[in-house]
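Trainee: Could you take me slowly through one part of this model, with its surroundings and its counterpart elsewhere?

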There are 2 protein chains.
Amino acid sequence: MPSYYVPKTFTVGETVRLSAEETAHALRVMRIEPGERLTLLNGQGGRASAILLDDGPTRKIREASCRIESTEIVPRPQLSIILYVAPPRNKNMDTVLKSATELGVARIVPVICRYAVSRPDASAIESWSQTLVTAMKQSGNPWLPELDAPQAFSEALTYSDEDGFFGAVPQSDDLQASDFPYTPDRLSLWVGPEGGFSPEEEQALRKKGLLPLTIGPWILRVETAVTALIGSLLTQFH
Amino acid sequence: MPSYYVPKTFTVGETVRLSAEETAHALRVMRIEPGERLTLLNGQGGRASAILLDDGPTRKIREASCRIESTEIVPRPQLSIILYVAPPRNKNMDTVLKSATELGVARIVPVICRYAVSRPDASAIESWSQTLVTAMKQSGNPWLPELDAPQAFSEALTYSDEDGFFGAVPQSDDLQASDFPYTPDRLSLWVGPEGGFSPEEEQALRKKGLLPLTIGPWILRVETAVTALIGSLLTQFH
């Protein structure tokens, strides 16, 4: 059953309105009837069960209203992963964003690397935000990942303050996550573009204390690297 | 640098021909010139360095020939993963196939489950084979995953003989891969369709001794589940 995004604080007994898009989906696609239950997510850990109210003829309703019956706050994942990723071409960036949301990444920072294949404009970023909301609703994850504006590599690295890893081009000195000295509550994962990080970028990542990480000996596409390495980190540090 | 697929045994000094597709890619897309080196993969662990021979004017060559200069056999991965997967819709199945190849899966068995969203026909399977070859060349993995014909769930389960896991809809009794009693050299991973395994299918998987596995508490799409769970298995059992 799909859920609906309402970016508000939920209070039992209160009435909230669905956006025009969410209304169209609930009433015209899912054909939910007045009196039926739906699940609302606010993107900040809030989940609510709500009853659709009767606002008149379905086809005339622009913003449907519903009454909140019960609410809960779902705790944040124990491990906050901050994903720094060089955006692959658009369809593939959607895969990255969906996977990151399904796997509970806390924050996504698009990073413009030397060997970047795509330079996102404002419409790309708007579309990425929508992809995150869709993925949140489909996966049931009530924590919408934060999405930063794209940043130059050096700027992103300067302001990052988490320990973590970079991947995933095979390298002879690759460490395993198990070499990590303690169980962290925040980790960064840096994944470069198709062509990899430049030698200067890799040196800067190492100098910052980030550790190389990969899975298997072969070349991974950006979207495979992101998903498999998050799977690896969550397995090591759960 | 891309590699080229030549499904033959490689012997130093011998001349081999590229297929028409590989020839078009090498000569017309990559513009490789006679005397230049290219990497050949045979899909069976064989990797060769070869020199492109001079067969006359480039645009007339249908099947370019090259002479093998050196060869090696890349060992199989230590852990053989057999992926049983309910094919998602086509574009998403491509993601599954590419990830599985990049991560070194040994064999892929498309399984028709009760809640299947797609019933592959012959043209789908032909296109899947091509996707595997493309992924092999791009990732540099010289082991082309075996691709079985699609099988009914019960048939696939009856003939499977590996220990392993099924995923990835969150379940309260989920085990971790670390609960596995020994370090296996073969493992199966079963990933169901969008709607999940049916209750009967899940019961049959458990009865066969397969263990439930997931990552995080949210619903994963098939392609996310495949990639993240392989990442998890390779991290646990490397």
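Trainee: In which loop of chain B does Arg31(B) lie?

Mentor: Arg31(B) sits in the loop of chain B that runs between helix H1 (20-29) and strand S3 (37-41), where helices (H or I, at least four residues) and strands (E, at least two) are DSSP runs numbered from the N terminus. The model is a predicted one, in which local features need pLDDT of at least 70 and side-chain atom pairs pLDDT 80 or more, while totals for chains, interfaces and linings use all residues. Residues are numbered from 1 along each chain as its sequence is written, chains are lettered from A and ligands numbered from 1 in the order in which they are written, and side-chain values use heavy atoms, leaving out hydrogens and water.

The backbone of this residue deserves attention, since most residues other than glycine have a negative phi. Arg31(B), although it is not a glycine, has a positive phi of about 50 degrees. Arg31(B) also counts as exposed because its relative accessibility is 62%, the cut-offs being under 20% relative accessible area for buried, over 50% for exposed and partly exposed in between, with a 1.4 Å probe and protein chains only.

The counterpart in chain A can be described in the same order. Arg31(A) is found in the loop between H1 and strand S3 (37-41) of chain A, its phi is near 50 degrees, a positive value in a residue other than glycine, and with a relative accessible area of 62% Arg31(A) is exposed.

The relation between the chains comes next. A turn of 180 degrees, with a shift of 0.0 Å along the axis, lays chain A on chain B with an RMSD of 0.0 Å (least squares on the C-alpha atoms of residues with pLDDT of at least 70 in both). The two copies are thus related as by a two-fold rotation axis. Of the interface residues of chain A, 100% are also interface residues in chain B, so the copies meet through the same surface.

For a contrast with the exposed arginine, consider Lys137(B), which lies in helix H3 (residues 122-139) of chain B and counts as buried because its relative accessibility is 15%. Leaving aside neighbours within four places in sequence, Lys137(B) is in contact (heavy atoms within 4.5 Å) with Ser3(B), Tyr4(B), Tyr5(B), Glu22(B) and Leu41(B). In chain B, then, Arg31(B) is an exposed loop residue with a positive phi, whereas Lys137(B) is a buried residue of a helix.
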